[in-house]
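Hi,

Here is the structure I promised to pass on. Have a look at it first, and then read my notes below.

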Amino acid sequence: MKKLIVSAFALGLISFASVQATAQTAESAQTETKQETTTKTTTTTKEDKVAVKPEDLPEGIKKTIKGEEFSGWTVKKAFLIKEGDKTPYYELQVAKGGESARVKLDKDGNNVG
């Protein structure tokens, strides 16, 4: 995520510098102002990913994992994901034999994607 933000910032600086070099007319100056405004209003969402022990998962998720849909699957890793204003969810890395999968569940054990 940091690389993405740094890359976007660098691209913005390069664009700004190239516009500065070619800005000779009033029209070019207006374009420069529009690009600067666009750069300032760009927002990014921050994602927080916190490791959670499988035994510390909410009861709703534990019931879902023990249910028929996940029969034979075991939780290897679990993370609590918080993305900006979105509802937090849990990302589980589950395994069954040689298979593995990622599952996203809310605190009640409902699939969120």
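**What I found**

Let's start with one pair of strands: E3, which covers residues 89–96, runs antiparallel to E4, and seven bridges join the two. If you want a spot to zoom in on, find leucine 92, which faces valine 103 across in E4. Keep in mind as you look around that this is a predicted model.

**The whole sheet**

Now zoom out. E3 and E4 belong to an open sheet of four strands, in the order E1-E2-E3-E4, with antiparallel pairing. Which strands sit at the edges? They are E1 (47–52) and E4 (99–105), each of which pairs on one side only. Going from one strand to the next, the twist averages 25°. As background, strands in a sheet pair through backbone hydrogen bonds, and the pairing can be parallel or antiparallel.

The other neighbours are worth a look too. E1 pairs with E2 (residues 74–83) in the antiparallel sense, over six bridges. Aspartate 48 stands opposite lysine 82 of E2 there. E2 also pairs with E3, again in the antiparallel sense, and here there are seven bridges. In this pairing, isoleucine 81 is set opposite tyrosine 89 in E3.

How many residues lie between E2 and E3 in their hairpin? There are five, and one residue in the turn, glycine 84, has a positive phi of about 50°.

**Salt bridges**

The structure has four salt bridges. My suggestion is to begin with glutamate 91 and lysine 49, whose side chains meet at 3.5 Å, N to O. Why does this pair tie together parts that are 42 residues apart in sequence? Because glutamate 91 belongs to strand E3 while lysine 49 belongs to strand E1.

Is glutamate 91 buried or exposed? Its relative accessible area is 8%, so glutamate 91 counts as buried, the cut-off being under 20%. Lysine 49, on the other hand, is partly exposed, with a relative accessible area of 43%. The two are also part of something wider: Lys49, Glu91 and Arg102 are linked in a network of salt bridges.

Lysine 49 has another contact to show you. It lies over the face of phenylalanine 79, at 4.7 Å from the ring centre. While we're on rings, the count of aromatic pairs comes to zero.

Next, go to helix H3 (residues 59–66). Lysine 62 and glutamate 59 form a salt bridge there, with their closest N and O atoms 3.7 Å apart. The two residues are three apart in the helix, so about one helical turn separates them. As for accessibility, lysine 62 is partly exposed at 22%, whereas glutamate 59 is exposed at 52%.

Finally, check lysine 86 and glutamate 83, whose side chains form a salt bridge at 3.5 Å, N to O. Lysine 86 is exposed, its relative accessible area being 57%.

**A route through it**

If you'd like a path to follow on screen, try this one:

- Trace the sheet in the order E1-E2-E3-E4.
- Stop at glycine 84, in the turn of the hairpin that E2 and E3 form.
- Find lysine 49, then look for its salt bridge with glutamate 91 and for the face of phenylalanine 79 beneath it.
- End in helix H3, with lysine 62 and glutamate 59.

Have fun with it!

Cheers

Notes: Residues numbered from 1 in each chain as written. Predicted model: local features only at pLDDT ≥ 70, side-chain atom pairs only at ≥ 80, totals over all residues. Heavy atoms only, no water. Pairing = 2+ DSSP bridges. Axes fitted to C-alpha atoms, helices over the stretch in contact; angles between N-to-C directions. Buried < 20%, exposed > 50% of the residue type's maximum accessible area, 1.4 Å probe, protein only. Phe/Tyr/Trp six-rings, centres within 6.5 Å; stacked < 30°, edge-to-face > 60°. Lys NZ or Arg CZ within 6 Å of the ring centre and 35° of its normal.
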